[in-house]
Amino acid sequence: MKTTSKSILSNWRKTFPAPWPAVWIWTILAIFVLGIITPYSPTLTFIKISGIFLCFVYVLHLFPKDRLLQFALLITFISDIILAINNTAELGVLAFLIAQILHTMRLEGKSYLTQIISFTTLAMVAMIINLIWSIIPMLYLICGFYIVAIITNVYISWRWWRQNPQNPRAFCAWLGFTLFLCCDACTGVSYLSLNHLFPAFCYAPANFLAWFFYYPSQVLVANSSKTRASLS
């Protein structure tokens, strides 16, 4: 029993190499504190975006061979910049959808390549048709495909963790995508509050809670690679 506990503890220590845990904790604290004191300050926005960029840098350093994870986090970073400028930009949400598809490919690309290609093709065709005939608001269409993609990743990562319960990276994947989904739910409440479909007082707390879930989710997703970590 002692040997097993030491082995699990050792795995977790290897999962989060120094000094990154300290960087993540200070960034999370800064986001939370400033989110309460000055929720709309440029300083807070800069710290948020910088925190996501550091996740990308972390993956470049620790998982140099995981190109799909690197690309997914880079697109996530670009999406955050777009949405920081305009939080209802269709291009920003589309970038998030692309990132989710890349995550699905890296987690289950070999087993579900046909389904991933079919889903991506369907999304592209639906968007092109909607762009020509304007059937529904494009933002709603993109969000519909995005919801399917994020729920798929929650399920895939949960199954990976259930099959490998002692693998810290599998747990990071499941918890990361679950928090990601919680963030998206808060973002939805925020958007609907802005459009007066939900009470206006829901807007501020929903925005705060979105990042309460979002930044930790990106830290965990950054630690969910299926490739071997670099020892350098």
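**Entry 1: Cys55**

I began with Cys55, which is buried at a relative accessible area of 1% (buried means under 20%, exposed over 50%, partly exposed in between, with a 1.4 Å probe and protein chains only). Cys55 sits in helix α3 (helices are DSSP runs of H or I with at least four residues, strands are runs of E with at least two, and both are numbered from the N terminus). I then took the C-alpha distance from Cys55 to Pro19, which is 13 Å at a sequence separation of 36 residues.

For the record, this is a predicted model, in which local features need pLDDT of at least 70 and side-chain atom pairs count only at pLDDT 80 or more, while totals for chains, interfaces and linings use all residues. Residues are numbered from 1 along each chain as its sequence is written, and side-chain values use heavy atoms, with hydrogens and water left out.

**Entry 2: backbone exceptions**

I looked up two backbone points against a general background: most residues other than glycine have a negative phi, and most peptide bonds are trans. The peptide bond from Ala18 to Pro19 is cis, with omega near 0°. Pro19 belongs to the loop between α1 (2–15) and α2.

Ser134 is not a glycine, yet its phi is positive, about 50°. I found Ser134 in the loop between α6 and α7. Its relative accessible area is 56%, so Ser134 is exposed.

**Entry 3: helix pairs**

Which way do α7 and α8 run relative to each other, roughly parallel or roughly antiparallel? Their axes come within 8 Å and cross at roughly 155° (axes are lines fitted to C-alpha atoms, for helices over the stretch in contact, and angles run from 0 to 180 degrees between N-to-C directions). The two helices α7 and α8 are therefore roughly antiparallel (angles under 35 degrees count as roughly parallel, over 145 as roughly antiparallel, 65 to 115 as roughly perpendicular and the rest as oblique). The α7 and α8 crossing is left-handed (the near helix is turned anticlockwise from the far one by less than a right angle; clockwise would be right-handed).

I repeated the lookup for α4 and α5, whose axes come within 8 Å and cross at roughly 165°. That makes α4 and α5 roughly antiparallel. The crossing of α4 and α5 is left-handed.

**Entry 4: single residues**

Ile81 is part of helix α4. Ile81 counts as partly exposed because its relative accessibility is 33%. From Ile81 to Gly92, 11 residues apart along the chain, I read a C-alpha separation of 8.1 Å.

Tyr112 is in the loop between α5 and α6 (113–133). Tyr112 has 31% relative accessibility and so counts as partly exposed. The C-alpha atoms of Tyr112 and Leu74 are 23 Å apart, with their positions 38 residues apart along the chain.

Gln218 lies in helix α9. Is Gln218 buried or exposed? At 0% relative accessibility, Gln218 counts as buried. Gln218 and Pro205 are 13 residues apart along the chain, and their C-alpha atoms are separated by 20 Å.

**Entry 5: the largest pocket**

I closed with the largest pocket, which has a volume of about 1,300 Å³. A pocket is an open set of points on a 1 Å grid over the protein atoms alone, where a 1.4 Å probe fits, with protein on both sides within 12 Å along at least five of seven lines; lining residues have an atom within 4 Å of a point. Grid points are joined across faces, edges and corners, and the volume is the space filled by probe spheres set on the points.

The lining of the largest pocket has 42 residues, and Asn87, Thr187, Ser190, Asn207 and Ala210 lie nearest its centre. Helices that each supply at least two lining residues include α3 (42–62), α4 (67–85), α5 (90–108) and α9 (203–222). Helix α8 gives the largest share of the lining, 11 residues. By type, I noted 30 nonpolar, 9 polar and 3 charged residues in the lining (Ala, Val, Leu, Ile, Met, Phe, Trp, Tyr, Cys and Pro count as nonpolar, Asp, Glu, Lys and Arg as charged, and the others, Gly among them, as polar).
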